[in-house]
Number of protein chains: 2
Amino acid sequence: MTVTLADVAARAQVSPATVSRVLNGNYPVAASTRERVLRAVDELDYVLNGPASALAAATSDLVGILVNDIADPFFGIMAGAIQSEIGGPGGRAGGERLAVVCNTGGSPERELTYLTLLQRQRAAAVVLTGGAVENTAHATAVATKLRKLGEAGTRVVLCGRPPAPADTDAVALTFDNRGGGRELTEHLIGLGHRRMGYIAGPEERTTTRHRLEGHRDALAAHGIADDPARTVHGRYDRRAGYEATIELLRREPGLTAVVAANDTVALGACAALRDSGLRIPDDVSVVGFDDLPFSIDAVPALTTVRLPLADAGARAGRIAMGREEVPPGGIATIRGELMVRGSTGVPKGA
Amino acid sequence: MTVTLADVAARAQVSPATVSRVLNGNYPVAASTRERVLRAVDELDYVLNGPASALAAATSDLVGILVNDIADPFFGIMAGAIQSEIGGPGGRAGGERLAVVCNTGGSPERELTYLTLLQRQRAAAVVLTGGAVENTAHATAVATKLRKLGEAGTRVVLCGRPPAPADTDAVALTFDNRGGGRELTEHLIGLGHRRMGYIAGPEERTTTRHRLEGHRDALAAHGIADDPARTVHGRYDRRAGYEATIELLRREPGLTAVVAANDTVALGACAALRDSGLRIPDDVSVVGFDDLPFSIDAVPALTTVRLPLADAGARAGRIAMGREEVPPGGIATIRGELMVRGSTGVPKGA
DNA sequence: CTGTTAGCGCATTCAC
DNA sequence: GTGAATGCGCTAACAG
């Protein structure tokens with residue numbers, strides 16, 4: 001019923017082995033033979049059986065990409081860039097590789113589950129994007145998984161994520177979240193702001209912590225007290241930004257600036273400020289993080305830190321495919337760039 | 001080296017078949033035996049070999065999701081919703097299924113390539129999202145592929161895409177783009193607009209055509225001439241919206257409204273209008289399509305048609321898993337909902 | 001409920 | 001350069 005490699009071999013009057021060689025192109029085959037085989041493939045409309053191929057070769061053409069939220073352009077952009085680099089020649093049978101995008105939803109359990117699933121599929125490579133959950137047990141479990149994946153020949157790359165233990169052999173492209181956070185707050189301080197609210201991401205996340213630390217570093221460097229009441233945690237979405245802003249305003253109506261964990265949260269903050277009758281940046285300045293595409297279209301345009309998501313993803317993809325040199329020590333830090341735009345200004349009365 | 005099912009069987013002192021049955025849970029196994037097997041699995045840290053399993057069972061746990069652009073939330077939202085529904089019990093070995101998200105970039109060739117790749121992997125199901133390319137040769141090629149996939153036991157669902165030929169057995173959840181387009185333009189006409197520019201998506205796309213037809217339907221219904229100079233085609237991105245708006249304004253400075261192919265394009269249009277010194281909606285009204293999350297945060301908030309992307313994706317996912325009844329005739333039309341917001345108003349001088 | 005027996009379709013040794 | 005033989009690890013009948 002379903003046409004197999006043997007059928008092709010019969011039709012081309014060669015052995016199955018030869019067909020396999022032609023298809024994988026990793027072996028010398030006479031041009032005329034190849035012609036004949038290719039024609040048979042075409043005539044029979046033959047499609048290679050991936051699982052069988054993977055079983056025999058003990059490796060597959062699947063590349064796993066773990067993301068926290070595929071609906072968030074932050075991850076979508078990276079995932080797209082990774083995928084664009086994993087194709088091309090080099091893989092089995094035609095060189096096409098398939099990206100398996102796994103949505104963890106930020107759940108540690110699902111992250112582990114997906115890693116196991118990818119291990120099960122004998123994935124050629126796995127790229128983990130976004131911040132990690134800060135929990136010793138989970139970190140250990142992930143490290144163990146990564147080690148096993150590595151031992152099984154799966155290349156592991158962390159993109160926008162802090163390095164894993166060295167013995168995991170995972171390459172890390174890390175965003176300088178701390179530095180970016182510091183720059184943003186320093187920008188605000190430079191404008192004269194002193195009473196700034198901070199909307200942090202979910203707790204127990206490296207990204208959340210690093211950005212917040214950068215903010216606090218800047219405060220400390222300028223002798224500004226870090227009032228705990230000025231920090232609120234929430235998810236990385238618009239709604240959290242909205243609610244957190246209302247809460248911050250309730251606690252301290254005299255706030256002159258709001259520092260958001262990322263651009264999406266910042267958008268929610270802007271909405272809350274507008275709904276509270278406050279003007280941006282005249283009454284309150286707002287900053288985001290990431291510089292997602294929509295940030296420039298906010299009104300006023302959002303001051304933020306641009307992260308080269310597409311570049312980082314592309315690089316991670318190439319490293320995963322062994323097409324780019326691994327950075328020294330297996331770790332590269334990627335810095336963001338401060339984008340000063342209309343959402344920040346001199347505080348009222350300054 | 002790598003531990004196999006046979007190792008587990010040996011350790012648990014049962015036959016390989018029994019281990020397989022425990023793992024797949026589709027067969028009655030004595031509780032005590034199951035216990036023993038599970039313990040052995042744990043002790044040996046055994047991980048099922050996906051390809052071997054897929055080969056033997058002639059089906060895999062992979063579900064393909066084709067999207068035009070994974071960095072676009074329009075697709076990200078649908079992909080996330082689909083993925084959230086394909087997990088859970090029912091699949092092989094624990095019921096976890098892996099979503100293979102394929103980024104076609106809108107390219108017909110890549111679409112076909114990915115379908116072949118998924119066919120090669122013996123995917124359990126394939127969901128195609130977004131509009132189709134309107135090209136007879138390509139449409140035929142896709143239909144042929146879908147038919148083959150269906151014959152091989154792969155369930156095919158179209159989500160936000162027009163139906164495929166009936167003999168493909170593909171279930172279609174189609175967005176009523178035409179109706180939504182009509183509503184938007186009728187809303188503008190109702191406000192008094194007569195000179196409206198239209199920024200269409202790429203040519204040869206069903207989505208583009210249907211939305212445009214809806215617009216023209218509304219014009220015709222109100223006896224408004226459809227001036228070809230008032231329509232510009234471009235990609236579905238912000239930049240295209242920006243440039244198209246500049247061009248429309250150049251052609252006809254007296255435009256009172258801009259109808260954009262989708263929200264992203266509308267955002268670009270808004271930026272162009274602002275840069276041209278025009279106020280929204282006082283000077284020019286703007287409408288989008290889709291109601292992506294950021295649309296409500298535009299200033300003024302965007303009037304648009306809300307498409308239930310998450311619901312549609314979830315439903316497509318369930319149908320793909322055979323967990324939801326197929327709509328009558330295999331086709332369901334999903335309507336959008338007009339969201340009137342601040343970006344539209346009475347035209348100047350009215 | 002459990003063990004035995006055959007392959008699933010292909011990649012890869014070896015020979016020639 | 002090409003063919004023949006072997007096994008990758010697992011599932012699915014079929015017995016019992």
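The dialogue below goes through a predicted model of protein chains with DNA strands, one feature at a time.

Biologist: Where should I start with chain A, and how many helices and strands does the chain have?

Modeller: Start with the overall tally. Chain A has twelve helices and twelve strands. The C-alpha trace of chain A spans about 90 × 40 × 35 Å along its principal axes. Of the 350 residues in chain A, 58% count as buried.

Biologist: How is a single residue read, and is A12(A) buried or exposed?

Modeller: Burial is read from relative accessibility, and the cut-off for buried is under 20%. A12(A) is at 2% relative accessibility, so A12(A) counts as buried. The residue sits in helix α1 of chain A, which covers residues 5-12. For a distance along the chain, take A12(A) and N26(A): they are 14 residues apart in sequence, and their C-alpha atoms are separated by 19 Å.

Biologist: Now the DNA. Which residues are closest to DNA strand D?

Modeller: A residue is near a strand if one of its heavy atoms lies within 4 Å of that strand. For DNA strand D, 28 residues surround the strand, and the closest are T18(A), R21(A), T33(A), L5(B) and Y46(B).

Biologist: What part of DNA strand D belongs to the atoms within 4 Å of the protein?

Modeller: Sort those atoms into backbone and base. For DNA strand D, 71% of the atoms within 4 Å of the protein belong to sugar or phosphate, and the rest belong to bases.

Biologist: Which side-chain or backbone atoms lie by a phosphate oxygen of DNA strand D?

Modeller: Read such contacts as pairs of N or O atoms within 3.5 Å. An N or O atom in the side chain of T33(A) is 2.3 Å from a phosphate oxygen of DNA strand D. A polar backbone atom of L5(B) is also 2.3 Å from a phosphate oxygen of this strand. For N24(B), a polar side-chain atom lies 3.1 Å from a phosphate oxygen of DNA strand D. The elements giving two or more residues to the surface near DNA strand D are α2 (16-24) and α4 (50-57) in chain A, and α2 (16-24) and α4 (50-57) in chain B. The largest share, five residues, comes from α4(B). By class, this surface has 15 nonpolar, ten polar and three charged residues.

Biologist: Which residues come nearest to DNA strand C?

Modeller: Apply the reading used for the other strand. Around DNA strand C there are 26 residues, of which L5(A), S20(A), Y46(A), R21(B) and T33(B) come nearest. Of the atoms of DNA strand C within 4 Å of the protein, 62% belong to sugar or phosphate and the rest to bases. Two backbone contacts go to phosphate oxygens: a polar backbone atom of N49(A) is 3.4 Å from one, and a backbone N or O atom of S15(B) lies 2.9 Å from one. A base is also reached, with a backbone N or O atom of A56(B) lying 3.4 Å from a base oxygen of DNA strand C. The elements giving two or more residues to this surface are α2 and α4 of chain A and α2 and α4 of chain B. By class, the surface near DNA strand C has 14 nonpolar, nine polar and three charged residues.

Biologist: Turning to pockets, what is the volume of the largest pocket, and which residues lie nearest its centre?

Modeller: Read a pocket by its volume, then by its lining. The largest pocket has a volume of about 1,300 Å³. Its lining has 48 residues, with D69(B), D72(B), Y236(B), D237(B) and T264(B) nearest the centre. The largest share of that lining, five residues, comes from α5(A). By class, the lining has 18 nonpolar, 14 polar and 16 charged residues.

Biologist: Which element gives the most to the lining of the second largest pocket?

Modeller: That is α5(B), with five residues. The second largest pocket holds about 1,000 Å³ of space. Among its 38 lining residues, D69(A), A71(A), D72(A), Y236(A) and D237(A) lie nearest the centre.

Biologist: How should the helix α5(B) be read, and how many of its residues are buried?

Modeller: Compare span with expectation, then look at burial. With 14 residues, α5(B) reaches 20 Å from its first C-alpha to its last, close to the 20 Å expected at 1.5 Å a residue. The helix is mostly covered, with 13 of its 14 residues buried. At the start of α5(B), a side-chain oxygen of D72(B) comes within 2.9 Å of the backbone nitrogen of F74(B).

How values were computed. Residues are numbered from 1 along each chain as its sequence is written. Chains are lettered from A and ligands numbered from 1 in the order in which they are written. This is a predicted model: local features need pLDDT of at least 70, side-chain atom pairs count only at pLDDT 80 or more; totals for chains, interfaces and linings use all residues. Side-chain values use heavy atoms; hydrogens and water are left out. A polar contact is a pair of N or O atoms within 3.5 Å; within protein, one must be able to donate a hydrogen and the other to accept it, and residues adjacent in sequence count only if both atoms are side-chain atoms. Helices (H or I, at least four residues) and strands (E, at least two) are DSSP runs, numbered from the N terminus. Ala, Val, Leu, Ile, Met, Phe, Trp, Tyr, Cys and Pro count as nonpolar, Asp, Glu, Lys and Arg as charged, and the others, Gly among them, as polar. On a 1 Å grid over the protein atoms alone, a cavity is a set of points where a 1.4 Å probe fits but cannot get out, and a pocket is an open set with protein on both sides within 12 Å along at least five of seven lines; lining residues have an atom within 4 Å of a point. Grid points are joined across faces, edges and corners, and a volume is the space filled by probe spheres set on the points. The expected span of a helix is 1.5 Å times one less than its number of residues. Buried means under 20% relative accessible area, exposed over 50%, partly exposed in between (1.4 Å probe, protein chains only).
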